[in-house]
Amino acid sequence: MTQVAPKRSGADGDDVVLLAVPASPAYLGVLRTATAGLAARLQFTLDEIEDLRIAVDEACAMLLAIAADTPQLGDTVELSCRFTVTSDALTVYTTVPLGSPDERLPGGESFAWQVLSALADEVSATVDGHQAGIRLTKRRPS
């Protein structure tokens, strides 16, 4: 099930949109569409919007590969996506739960990371034993 929960957070006035979809490639279109809509609010160019859509798709594909390796979590595994919209940037933080603390994302020299680094201004990853996450930030040109 897709859940959307827009809210105002803190004094900084950043908009935060949360989406949770089943960890399946069939639902990546929902996340790509949300990415495009939010990037358009920041007046990104069409090329920048497409770059972000591709980056989110690639990040989610990396996380789905981990989720597919965790059958012990059952059919209820969700891919969560937190979009933070500021006055000059869109940050997308995607996560999946881990079935094992030994799970790892591809290394920084992999083709997937090269793609992410080329398409977003900032890219980082976390694995904390319970979940893996990838954070992408794209800033609006001045």
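Me: What share of the contacts with a separation of 6 or more comes from residues 24 or more positions apart?
Reply: In this predicted model, residues 24 or more positions apart make up 60% of those contacts.

Me: How many helices and strands are there?
Reply: There are three helices and seven strands. Along the sequence they come in the order β-β-β-α-α-β-β-α-β-β.

Me: What percentage of the residues count as buried?
Reply: The protein has 142 residues, and 42% of them count as buried.

Me: And how much surface does the protein expose?
Reply: About 7400 Å² is exposed, with 52% of that area supplied by carbon and sulfur atoms.

Me: Strands next. How do strand 3 and strand 4 pair?
Reply: They pair in the antiparallel sense, over eight bridges. Strand 3 covers residues 14-22, and strand 4 covers residues 78-85.

Me: Which residue of strand 4 stands opposite V16?
Reply: That is T84. Another bridge partner in strand 4 is R82, which is matched with L18.

Me: Why is strand 3 described as largely enclosed?
Reply: Seven of its nine residues are buried, so the rest of the structure largely encloses strand 3.

Me: What about strand 4 and strand 5, how many bridges join them?
Reply: Six bridges join them, and the two strands run antiparallel. Strand 5 spans residues 89-97. The connection from strand 4 to strand 5 is a hairpin of three residues.

Me: Which residue in strand 5 is opposite R82?
Reply: Y93 stands opposite R82. R82 is also the bridge partner of L18.

Me: What sits over the ring of Y93?
Reply: The charged end of R135 does, at 4.2 Å from the centre of the ring.

Me: How many aromatic pairs does a search of the whole structure find?
Reply: Zero.

Me: Back to strand 5. Is T94 buried or exposed?
Reply: T94, which lies in strand 5, has a relative accessible area of 2%, so it counts as buried.

Me: Which residues does T94 touch, leaving out those up to four places away in sequence?
Reply: T94 touches A59, C60, L63, S80, C81, A132, G133 and I134. Among these, S80 and C81 fall within the residue range of strand 4.

Me: Now helix 1. How far does helix 1 reach from its first C-alpha to its last?
Reply: Helix 1 reaches 20 Å, close to the 20 Å expected at 1.5 Å a residue. It has 14 residues, numbered 28-41.

Me: Which residues of helix 1 are buried?
Reply: The buried ones are L28, L31, A34, T35, A36, L38 and A39.

Me: Why do residues three or four places apart in an α-helix point the same way?
Reply: An α-helix has 3.6 residues a turn, so residues with that spacing point the same way. In helix 1, L28 and L31 are among the buried residues, and so are L31 and A34.

Me: What is the phi of Q43?
Reply: Phi is near 60°, a positive value in a residue other than glycine. Q43 comes just after helix 1.

Me: Which loop holds Q43?
Reply: Q43 lies in the loop between helix 1 and helix 2, and helix 2 covers 46-68.

Me: Is Q43 buried or exposed?
Reply: Q43 is exposed, because its relative accessible area is 63% and the cut-off for exposed is over 50%.

Note on methods:
Residues numbered from 1 in each chain as written. Predicted model: local features only at pLDDT ≥ 70, side-chain atom pairs only at ≥ 80, totals over all residues. Heavy atoms only, no water. Phe/Tyr/Trp six-rings, centres within 6.5 Å; stacked < 30°, edge-to-face > 60°. Lys NZ or Arg CZ within 6 Å of the ring centre and 35° of its normal. Pairing = 2+ DSSP bridges. Helix = DSSP H or I, 4+ residues; strand = E, 2+ residues; numbered from the N terminus. Expected span 1.5 Å × (residues − 1). Buried < 20%, exposed > 50% of the residue type's maximum accessible area, 1.4 Å probe, protein only. Contact = heavy atoms within 4.5 Å. Areas by Shrake-Rupley, 256 points an atom, 1.4 Å probe, with all protein chains shown as cover.
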